[in-house]
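Student: I am new to this structure and would like a close look at one part of it. Could you take me through how its helices pack and what spaces lie among them?

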Amino acid sequence: MMILIRQELFKLFKKHSTWISLIVMMVIQLGFAVMAKIHPDVFNPQETYTTGYYATTLLVFYLIAASSSIITMEFQYGTIKELLYREYSRGKILISKWITLLIYSVAWLVWINISSLLIKFILFPKVDLGANLGHGYTVLTSTIVVDLANLLTVWLILSIVILLSNLFKNSAAAISVGIIGSFVTNIMSGMSAQLVIKWPWLKWNPLNMLQYPNQILSPSEIHLTRLTLTQLFSGNLVYIILLLTAGYLVFQHRTV
């Protein structure tokens, strides 16, 4: 298993797109940081810091692209046969890809937080990371907690993307479907709150679980989700496990 994970990580970090993505993210972070420096009335320095200078939004698309292609490329280029010939089970192959994606997503998150801190100390030394935001959170702690919560909800989306990617043999098609699906999911997530208010039993739908990060800093949103933070956290985990299990079953029966 460890050999498979190392191989997957090696392939990810050897791809030119990974390093291009890093450069693009740095440019975007610096771009928004400079705009916040020049126009603080439009781009609040404290708020732009908490978003990683908008890098966290871009990260979602990076992870969707990675999760869409990590499986489909094996079939597109026929490398899945080589893995199976080396007596690796399908289960081990897929689980190694899940773990690789988890490491990849955490690595990106750590990088965004480190780079955001560097930008903050260089350009915005007066922004107080210890400022109280209420509900027991400071600017720094709220950023970390919400980033981790976002990681959980992003993995709910990724588990859907991984499941759907089993239906494609072309990575470009899988990535397109994943990104479009992300936009649709975000739109429907907003509509979900209205439906939950009308039909409370819909509070357990997966779209409602995406409100978890928002409710951490705004506990009053419980009147929209009708779920506690513990229930939202547990609901995300349950849906992720169910969707990954479904993807596992599809992968096990997929023709090579």
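**Helix contacts and the spaces beside them**

Tutor: Let's begin with a pair of helices in contact. From α7, the residues Leu-152, Thr-153, Trp-155, Leu-156, Ser-159, Ile-160, Ile-162 and Leu-163 meet Phe-233, Asn-236, Leu-237, Tyr-239, Ile-240, Leu-243, Leu-244, Ala-246, Gly-247 and Val-250 of α12. Sorted by class, the residues of this contact are 14 nonpolar, four polar and no charged. Please keep in mind that you are looking at a predicted model.

Now look along the two helices. The axes of α7 and α12 cross at roughly 20 degrees and come within 9 Å. Angles under 35 degrees count as roughly parallel, so α7 is roughly parallel to α12. The crossing of these two helices is left-handed.

Next, stay with α12, which spans residues 229-252, and turn to its contact with α6. Here the packing angle is about 140 degrees, and the axes are 10 Å apart. That angle makes α6 oblique to α12. The crossing of α6 with α12 is right-handed. On the α6 side, the contact is made by Arg-90, Gly-91, Ile-93, Leu-94, Ile-95 and Trp-98, while α12 brings Leu-244, Gly-247, Tyr-248, Phe-251 and Gln-252. This contact has seven nonpolar, three polar and one charged residues. You may recognise Leu-244 and Gly-247 of α12 here, since both also appear in the contact with α7.

Now follow α6 to another partner. Helix α2, residues 16-38, packs with α6 at an angle of about 30 degrees, the axes being 11 Å apart. α2 passes α6 in a right-handed crossing. Thr-18, Ser-21, Leu-22, Met-25, Met-26, Gln-29, Leu-30, Ala-33 and Lys-37 are the α2 residues in this contact, and they face Tyr-104, Trp-108, Trp-111, Ile-112, Ser-115, Ser-116, Ile-119 and Leu-123 of α6. By class, the contact of α2 with α6 divides into 11 nonpolar, five polar and one charged residues.

Two of those α6 residues, Ile-112 and Ser-116, lead us to an enclosed space. There is one cavity of 30 Å³ or more, and about 30 Å³ of space lies in it. Ile-112 and Ser-116 line this cavity, together with Tyr-49, Thr-50, Thr-51, Gly-52, Thr-56, Asn-113, Thr-143 and Asp-147. The elements giving two or more residues to this lining are α3 (45-50), α6 (90-123) and α7 (139-165). The largest share, three residues, comes from α6. In terms of class, the cavity lining has two nonpolar, seven polar and one charged residues.

Finally, there is an open space to explore. The largest pocket has a volume of about 810 Å³. Of its 29 lining residues, Thr-56, Val-146, Asn-150, Pro-213 and Asn-214 are the closest to its centre. Thr-56 is a residue you have already met in the lining of the cavity. At least two residues of the pocket lining come from each of α3, α4 (55-76), α7, α8 (171-198) and α10 (212-217). The largest share, nine residues, is supplied by α7. The pocket lining divides into 14 nonpolar, 13 polar and two charged residues.

To put the pieces together, follow α7 once more: α7 meets α12, gives residues to the lining of the cavity and supplies the largest share of the lining of the pocket.

Notes
Residues numbered from 1 in each chain as written. Predicted model: local features only at pLDDT ≥ 70, side-chain atom pairs only at ≥ 80, totals over all residues. Heavy atoms only, no water. 1 Å grid on protein atoms, 1.4 Å probe; cavity = no way out; pocket = protein on both sides within 12 Å on 5 of 7 lines; lining within 4 Å. Points joined across faces, edges and corners; volume = space filled by probe spheres on them. Helix = DSSP H or I, 4+ residues; strand = E, 2+ residues; numbered from the N terminus. Nonpolar A, V, L, I, M, F, W, Y, C, P; charged D, E, K, R; others polar. Axes fitted to C-alpha atoms, helices over the stretch in contact; angles between N-to-C directions. Parallel < 35°, antiparallel > 145°, perpendicular 65-115°, else oblique. Left-handed = near helix turned anticlockwise from the far one by under 90°. Contact = heavy atoms within 4.5 Å.
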